[in-house]
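Happy to walk through this one with you. Have a look at the structure first, and then we can take a few questions in turn.

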Amino acid sequence: MNSELPELVNEVLRKIGRNILMFQQIEKGLKLLLPYIHSDASTKGINSFRKYRETAKLKTLGHLINAFIESVNYDIIDSVDYSTIESADYNPDYFADKLREMVAERNKLVHHFGGSEGLHILENQEGCRTCITDLESQYQEAISFYKEITPFVFSVLVCLRENDAESNPKIEILYKRLKADITSSGVEYINLNNPSDTAWENTKIVKLLRLAETNTDKIGDMTLLARAGEFIKIQDPECTPKKYGIKTLKGVLKACDLFEITEIKNGEHNSVFILYKSKLTH
């Protein structure tokens with residue numbers, strides 16, 4: 001049985017390192033965002049912005065989170081159109097409490113690991129397993145909260161990306177990273193100003209267009225767009241192209257680039273039939 005102890009100790013140390021890196025990533029994100037959203041930097045000119053940005057680099061997680069909490073009522077936060085991200089419920093008090101919990105968890109890990117027993121807890125298998133359980137629980141809590149707060153932070157980044165005259169490359173990198181995170185989790189992100197930037201794969205209208213392919217009569221191996229439109233109206237009357245910043249279903253097909261499109265002229269009625277089918281994915 002003692003042969004298991006070194007492996008258990010290594011597992012504890014691995015999880016400690018993983019959790020510390022996770023908290024460091026949170027710090028980096030806050031240091032990047034705060035100069036743009038805190039009134040001491042964002043509303044007092046470029047010199048104040050630069051000074052605040054340099055000062056933020058030296059702050060601890062606790063100070064950064066307190067500054068972030070102070071910022072949630074400022075104009076740049078209020079100006080974000082949260083309706084572009086489906087199923088997002090932003091409650092500043094909830095986030096403030098969760099952020100404070102995160103600081104407490106970080107301090108617990110860095111300053112109080114092992115509780116009253118200290119590192120002696122790693123001298124036996126039971127102690128190691130207790131640490132592993134606690135560290136995994138801490139990590140899962142943080143990951144769960146990260147998934148909740150990511151759409152909120154992403155919304156702020158969308159606003160910054162559209163209004164930052166300096167076009168800070170770090171903002172663009174963080175924007176792309178968080179966009180990948182939220183789209184991979186199935187969140188419906190809609191960019192009304194730039195439909196080509198919408199995460200079309202996750203949108204309800206694309207899902208309904210695909211559902212129509214299996215629930216309406218086909219012409220060959222393709223679906224008649226007019227029939228698909230009728231099907232979508234029955235399934236969800238509020239799911240219209242205008243919700244996505246586009247005038248027609250044909251426009252959605254073109255913007256999302258997820259379907260093959262064919263147009264057939266009807267000489268008798270001087271009209272055009274639009275057919276579509278999902279592109280093959282590899």
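**Helix packing, strands and cores**

Q: At roughly what angle do the axes of helix α10 and helix α11 cross?
A: In this predicted model, α10 covers residues 225-235 and α11 covers residues 249-256. Their axes come within 10 Å, and the crossing angle is roughly 100°.

Q: Are α10 and α11 roughly parallel or roughly perpendicular to each other?
A: Angles of 65 to 115 degrees count as roughly perpendicular, and these axes cross at roughly 100°. The two helices are therefore roughly perpendicular.

Q: Which residues of α11 make the contact with α10, and how many residues of the contact are nonpolar?
A: From α10 come Leu225, Gly229 and Ile232, and they meet Leu249, Lys250 and Leu253 of α11. By class, the contact has one charged residue, one polar residue and, finally, four nonpolar ones.

Q: What is the bridge partner of Thr262 in β4?
A: Strand β3 (residues 259-266) pairs with β4 in the antiparallel sense, over eight bridges. Strand β2 (residues 222-224) also runs antiparallel to β4 (residues 271-278), joined by two bridges, and there Leu224 is partnered with Leu275. For Thr262, the partner in β4 is Leu275.

Q: Which helix supplies the largest share of the largest nonpolar core?
A: This core has 38 residues, and Val12, Phe113, Leu122, Phe154, Leu157 and Tyr189 touch the most other members. Helices α1, α4, α6, α7 and α8 each supply at least two residues. The largest share, 14 residues, comes from α7.

Q: How many residues are in the second, separate core?
A: Its members include Ile205, Ala212, Leu253 and Phe259. Leu253 also takes part in the contact of α11 with α10. The size of this second core is 22 residues.

Methods
Residues numbered from 1 in each chain as written. Predicted model: local features only at pLDDT ≥ 70, side-chain atom pairs only at ≥ 80, totals over all residues. Heavy atoms only, no water. Pairing = 2+ DSSP bridges. Helix = DSSP H or I, 4+ residues; strand = E, 2+ residues; numbered from the N terminus. Axes fitted to C-alpha atoms, helices over the stretch in contact; angles between N-to-C directions. Parallel < 35°, antiparallel > 145°, perpendicular 65-115°, else oblique. Contact = heavy atoms within 4.5 Å. Nonpolar A, V, L, I, M, F, W, Y, C, P; charged D, E, K, R; others polar. Core = buried A, V, L, I, M, F, W, Y, C linked by side-chain atoms within 4.5 Å. Buried < 20%, exposed > 50% of the residue type's maximum accessible area, 1.4 Å probe, protein only.
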